[in-house]
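Please look through the sequence and the model below before reading on. The paragraphs that follow move from one contact to the next and then turn to charged pairs.

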Amino acid sequence: LLRKHLLGARLLSVRCDGWERIFRLDFQNANEMGDETRKTLIVEIMGRHSNIILVSENGTILDAANHVDHSMSRVREVLPARTYSPPPSQDKMDPPSVLAAIRAGEPAFVKRLGASRNVELSLLDAIRGFSPPLCREICHLANVDGKRSPSTLTQEETRRILFHAASLIERILAGLPSPSLYRLDPNTRQWTDYHAFALESCGYRVQTPTLSGAMDAYYSHHIAKNKLEQ
C-alpha cells in the first residue's frame, strides 16, 4: 500500500504536535493524472494501541496497519474511507507548563502527584509525553521509591521530586540528547534498554553516536537472542 501511494514521493515535513507520541509525516507526489497530491503517514505510538495510518489530503483514511471498528472502540473508528480523528486528548500538562508551575511554586502540579496509586504512575499521568523510564529516573534521582503511595511523601521528598522533574525537563527542552545503550553491569553484553538521554536508573551506560545506532544494536541483540531460545 505504501509503495503504491508513496513510491517516489518527497517527504515535506515530520511533525509531532502537543508532546503526544503521534508523528505525522507529510509527503508530496503526483497522481495518475500528473497532479500534485499530498498524503500524510500518521504513526501513533501508544503501546498495544499503536498504529500506522495513511491519510489523504482531505483527511480521509486510505488504510491502516490495524483496523479498529465500533465494536473494538466506542471512542473512534480507524477504517478506510473514514475521516481520521486523533486519539482523545488526555488530561495532562505539557513539559513546559510543568516546568513553569514548578518554578512559580504553583500547587497545581503538586496536586496531580496524588492522583494515582504510586509516585511513578502519578508522574506518568501528570506529564504529557513522559514515559515510564523518565518517571523512574525522577524517583531514582530524588531517592524516593517510585512504588510508594504519594500520600506517604514528606515535604522534603516532594521537594526533591519537583527539583529533579524540573531538571530533567530542562535537559529535554534544551534539545541536547545523549543516545545511550544500557546493560545491567559492565561484564555482560546483554542490552537491557536504550534511550535518547543519559539515565542513571537504567544501569551501566554505553554512549552511542546516534539513537538509531542504539536502537539497531538493542533490537539486533534481542532478535538473535529470541531466535536462539526458540
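**From a loop serine to a helix pair and the salt bridges**

Leaving aside residues up to four places away in sequence, Ser 131 touches Arg 21, Leu 124 and His 195. The model in which these contacts are found is a predicted one. Ser 131 itself belongs to the loop between α4 and α5, and with a relative accessibility of 13% this serine counts as buried, because the limit for that class is under 20%.

The path leads on from this loop into helix α5, which spans residues 132–141. Within α5 the buried residues are Pro 133, Leu 134, Cys 135, Glu 137, Ile 138 and Cys 139, and what covers them includes α4 (119–126), α6 and β7 (193–195). Just after α5, Asn 143 takes a positive phi of about 60 degrees.

Of the elements that cover α5, helix α6 deserves a separate look. Two packed helices are described by the angle between their axes and by the distance between those axes. Helix α5 and helix α6, the latter made up of residues 155–174, pack at an angle of about 130 degrees, and their axes lie 8 Å apart. Angles over 145 degrees would count as roughly antiparallel and those from 65 to 115 as roughly perpendicular, and α5 and α6 are therefore oblique to each other. Their crossing is right-handed. On the α5 side the contact is made by Leu 134, Ile 138 and Leu 141, which meet Ile 161, His 164, Ala 165, Leu 168 and Ile 172 in α6. Sorted by character, the residues of this contact comprise seven nonpolar, one polar and no charged.

Helix α6 also carries charged side chains that pair with one another. Side chains of opposite charge can pair when their charged atoms come close. In α6, Glu 156 forms a salt bridge with Arg 160, with 3.6 Å between the closest N and O atoms. Both residues lie in this helix, four residues apart, which is about one turn of the helix. An α-helix has 3.6 residues a turn, so residues three or four places apart point the same way. Glu 156 is partly exposed at 38% relative accessibility, and Arg 160 is likewise partly exposed, with a relative accessible area of 22%. Glu 156 and Arg 160 are further linked with Arg 159 in a network of salt bridges.

How many salt bridges does a search of the whole structure find? The search finds 12, and two further examples join parts that are separated in sequence. In one of them, the side chains of Asp 26 and Arg 15 meet with 2.8 Å from N to O. Asp 26 lies in strand β2 (residues 22–30) and Arg 15 in strand β1 (residues 10–16), so this pair ties together parts that are 11 residues apart in sequence. Asp 26 counts as buried at 12% relative accessibility, whereas Arg 15 is partly exposed, with a relative accessible area of 33%.

In the other example, Asp 91 forms a salt bridge with Arg 112, the closest N and O atoms being 3.5 Å apart. Asp 91 lies in the loop between β5 (61–64) and α2 (95–104), and Arg 112 in helix α3 (residues 107–112), so the pair ties together parts that are 21 residues apart in sequence. Here Asp 91 is exposed, with a relative accessible area of 63%, while Arg 112 counts as partly exposed at 24% relative accessibility.

Methods
Residues are numbered from 1 along each chain as its sequence is written. This is a predicted model: local features need pLDDT of at least 70, side-chain atom pairs count only at pLDDT 80 or more; totals for chains, interfaces and linings use all residues. Side-chain values use heavy atoms; hydrogens and water are left out. Axes are lines fitted to C-alpha atoms, for helices over the stretch in contact, and angles run from 0 to 180 degrees between N-to-C directions. Helices (H or I, at least four residues) and strands (E, at least two) are DSSP runs, numbered from the N terminus. Angles under 35 degrees count as roughly parallel, over 145 as roughly antiparallel, 65 to 115 as roughly perpendicular and the rest as oblique. A crossing is left-handed if the near helix is turned anticlockwise from the far one by less than a right angle, and right-handed if clockwise. Contact means heavy atoms within 4.5 Å. Ala, Val, Leu, Ile, Met, Phe, Trp, Tyr, Cys and Pro count as nonpolar, Asp, Glu, Lys and Arg as charged, and the others, Gly among them, as polar. A salt bridge is a side-chain nitrogen of Lys or Arg within 4 Å of a carboxyl oxygen of Asp or Glu. Buried means under 20% relative accessible area, exposed over 50%, partly exposed in between (1.4 Å probe, protein chains only).
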